[in-house]
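The exercises below are to be worked through with the coordinates open, and each task is followed by a solution in steps.

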Amino acid sequence: MDGHGAGIELRDLTKIFRKDWREVVAVESLTFRVEPEEFVCMLGPSGCGKTTVLRMVAGLERPTRGSVFIDQKEVNSPSPEVGMVFQEFALFPWRTVRKNIAFGLEIKKVPPEKISLLTSEYVQLVGLEGFEDAHPKELSGGMKQRVGIARALANDPRVLLMDEPFGSIDAQTRNLMQRELLRIWESARKTVLFVTHSVDEAVFLADRIVVLTARPAKVREVIDVPIPRPRDRTSPEFIGIRVKVLEELQEEFEKTGVLERQAVAKAGSG
Ligand SMILES: Nc1ncnc2c1ncn2[C@@H]1O[C@H](COP(=O)(O)OP(=O)(O)O)[C@@H](O)[C@H]1O
Ligand SMILES: [Mg+2]
């Protein structure tokens, strides 16, 4: 594990989708930095452009304007330095846990003995000992998500991008996964950019929270979370920051509501 966290810089990042005559401005002039080994959560209303931002950081999508830099180098295409964990588990159903984690290493033609060592190390890191030979269908949602995290980490990326990875996991397991993720982040020292629409999750995880506006995604506010970990969700500091983030977000949710009502009215009249 030597791929230590790299800094990320989003500079005037803009994405306009064009389809026939229609234009959707998904992201507009988004500018912020994530320091090396920092844990930043991006929070925003559904459909505001969060996934689009992550896809541009990952080099999967070209910005219409502006750029992403990872350690001062402009991102133009996907790179092994950047790992991604999605909400859908996206595991190969026919591969065992070990073989799923090994996938990226096989592509990189890492020698089999080394793959075996590395996969064992990551199985242990995410707490899946004893399930190495299980197939995804035999695992719970939380366990599948751990395989996804282990698979991303096994490539030793310097940046980990996570797109609502715990969105479809039950609340109990979700809290457990959040603690596990922090434990992994603390030992693997990656830079994490984590997308969520849960205020509670963001305040529990992040060093800083970037609150986005309703579409197009712009930075509305950046909120520091100077609470030592492990964090107590019932502490006054925690609740104080929660309320502050909620207030910011609430106004954006309301805007989304207005936009939706306008669209419905327009559709009704047209
Ligand atoms: N490939 C695409 N083509 C056209 N429009 C897209 C595409 N991807 C996303 N969009 C649009 O961009 C906006 C932001 O989407 P997305 O980034 O997925 O939001 P979020 O992840 O915040 O829910 C939405 O209006 C969505 O319909
Ligand atoms: Mg999304």
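**Exercise 1.** Which side chains meet in a salt bridge with an N to O distance of 2.6 Å?

*Solution.* The model is a predicted one, and the search starts from its division into domain 1, made of 3-81 + 167-270, and domain 2, which covers 87-156. The cut-off to apply is a side-chain nitrogen of Lys or Arg within 4 Å of a carboxyl oxygen of Asp or Glu. The side chains of Lys-190 and Asp-156 meet in this way, at 2.6 Å from N to O, and the count between domain 1 and domain 2 is two salt bridges.

**Exercise 2.** Describe the area buried between domain 1 and domain 2.

*Solution.* Begin with the total, which is about 1100 Å², with carbon and sulfur atoms giving 62% of it. Next, turn to the side of domain 1, where Met-177, Ile-184 and Lys-190 lose the most area to domain 2 and together account for 38% of what that side buries. Finally, place the two domains relative to each other: their centres, taken over C-alpha atoms, are separated by 26 Å, while the contact takes 13 residues from domain 1 and 12 residues from domain 2.

**Exercise 3.** Which oxygen-directed distances can be listed for ligand 1?

*Solution.* Take the backbone first: an N or O atom of Gly-47 lies 2.7 Å from an oxygen atom of ligand 1. Among side chains, an N or O atom of Thr-52 is 2.5 Å from a ligand oxygen, and a polar atom of Arg-215 lies 3.3 Å from one. As a last step, consider burial: ligand 1 taken alone exposes 560 Å², of which the protein buries 61%.

Conventions
Residues are numbered from 1 along each chain as its sequence is written. Chains are lettered from A and ligands numbered from 1 in the order in which they are written. This is a predicted model: local features need pLDDT of at least 70, side-chain atom pairs count only at pLDDT 80 or more; totals for chains, interfaces and linings use all residues. Side-chain values use heavy atoms; hydrogens and water are left out. Domain bounds come from an automatic or database domain assignment. Contact means heavy atoms within 4.5 Å. Buried area is the accessible area (1.4 Å probe) that two parts lose on being put together, summed over both. A polar contact is a pair of N or O atoms within 3.5 Å; within protein, one must be able to donate a hydrogen and the other to accept it, and residues adjacent in sequence count only if both atoms are side-chain atoms. Accessible areas come from the Shrake-Rupley method with a 1.4 Å probe; for residues, only the protein chains shown count as cover.
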